[in-house]
Amino acid sequence: MGYRIIVAGIGPGNPKYVLPAAAEAIQNAKVLVGGSRALADFARDGQMTMPIRGDIPAVMDFIRKHLETSDVVTMVSGDPGYYSLLDALRREFSEDVINVIPGISSVQYAFSKLALPWHDALLLSFHGRVPDDSALKYEKGKILGLLTDAKYSSKTIPDVLMKHGWPADARLSVCSRLSYEDEEIVRTTLGKAADEKEQTHCILVVEG
Ligand SMILES: C[S@@+](CC[C@H](N)C(=O)[O-])C[C@H]1O[C@@H](n2cnc3c(N)ncnc32)[C@H](O)[C@@H]1O
């Protein structure tokens, strides 16, 4: 039997929110790939590790090389199925060699902190991309859950939404550092977001 790439979701960050199946795979890994923060939190002595930085082709080469002699466990934040390295792995390797262990997405966690069901929410990403105009358009009662980045942040996204017809008094929850000790959830409105501290890598929940 060939070796496998095990893509393990590690949740929003705090080890308390890692599923036991993912923790076991990470603990037993001989070869472990992940962001620097994840490696600092989860890697143990004796494991061969590779940090994921900007150079994705180098990560793919590392995985291909070690897959000849071992399983390779790759940690991704949140859930692997929601904007993670899984996309690139599926382009590079056959799905037959990939096992995915789900994780709690930061979006899912944010909705739980707001005690807000997310079955009717539209989940979109501003992380390195901009959603279509049609998805951003205001409709009464619409709920958005948004990933952000340094360019599209808690300060800049409210303007984008108001240009798409969202009212200034629409509720906005800015959810940052989710699951960590310094987790912060600021409840404001689209119109008042500019008065609050800017958060870059966070979840925005907008209620129309
Ligand atoms: C590449 S996406 C990864 C999404 C991940 N696969 C998931 O399911 O949560 C990175 C973005 O996720 C969000 N994110 C991840 N962890 C977070 C956390 N602990 N608190 C707030 N937002 C977080 C931020 O919007 C960040 O820019």
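Which residue of β3 stands opposite Val33? In this predicted model, the partner of Val33 is Met50. The legends below start with that pair and move outwards.

**View 1. Val33 and Met50 in the pairing of β2 with β3.** Look for Val33 facing Met50 of β3. Strand β2, residues 31–34, runs parallel to β3, and four bridges join the two.

**View 2. The parallel sheet to which β2 and β3 belong.** Five strands with parallel pairing make up this open sheet, and their order is β3-β2-β4-β1-β5. The edges are taken by β3 (48–51) and β5 (98–101); each has a single partner strand, so one side of each has no neighbour in the sheet. From one strand to the next, the twist averages 20°. Helix α1, residues 20–28, packs on the sheet and touches β1 (5–9), β2, β4 (72–76) and β5. The direction of α1 makes about 130° with that of β1.

**View 3. Where the two domains meet.** The chain is split into domain 1, covering 5–104, and domain 2, covering 107–207. Their C-alpha centres are 28 Å apart. Contact between them involves eight residues of domain 1 and nine residues of domain 2. On the side of domain 1 that touches domain 2, five residues are nonpolar, three are polar and none is charged.

**View 4. The ligand and its shell.** Here you can pick out Gly78, Ser105, Ser106, Leu178 and His201, which come nearest among the 24 residues around the ligand. Elements giving two or more residues to this shell are α5 (106–113), β8 (171–176) and β10 (202–207). By type, the shell has ten nonpolar, eleven polar and three charged residues. Why does the ligand lie between domain 1 and domain 2? Both domains give residues to the shell around the ligand, so that is where it lies.

**View 5. The mixed sheet with β10 among its strands.** This open sheet has five strands in the order β6-β7-β10-β8-β9, and the pairing is mixed. At its edges stand β6 (122–125) and β9 (184–189), each with a single partner strand, so one side of each is left without a neighbour in the sheet. Ignoring direction, neighbouring strands are turned by 20° against each other on average.

**View 6. β7, β10 and the helix that crosses them.** Five bridges pair strand β7, residues 143–147, with β10 in the antiparallel sense. Within this view, Ile143 stands opposite Glu207 of β10. Helix α5 lies across β6, β7, β8, β9 and β10, and runs at about 55° to β10. You have already met α5 and β10 in the ligand view, where each gives two or more residues to the shell.

Methods: Residues numbered from 1 in each chain as written. Predicted model: local features only at pLDDT ≥ 70, side-chain atom pairs only at ≥ 80, totals over all residues. Pairing = 2+ DSSP bridges. Axes fitted to C-alpha atoms, helices over the stretch in contact; angles between N-to-C directions. Contact = placed C-beta atoms within 7 Å. Domains from an automatic or database assignment. Nonpolar A, V, L, I, M, F, W, Y, C, P; charged D, E, K, R; others polar. Near = placed C-beta within 6 Å.
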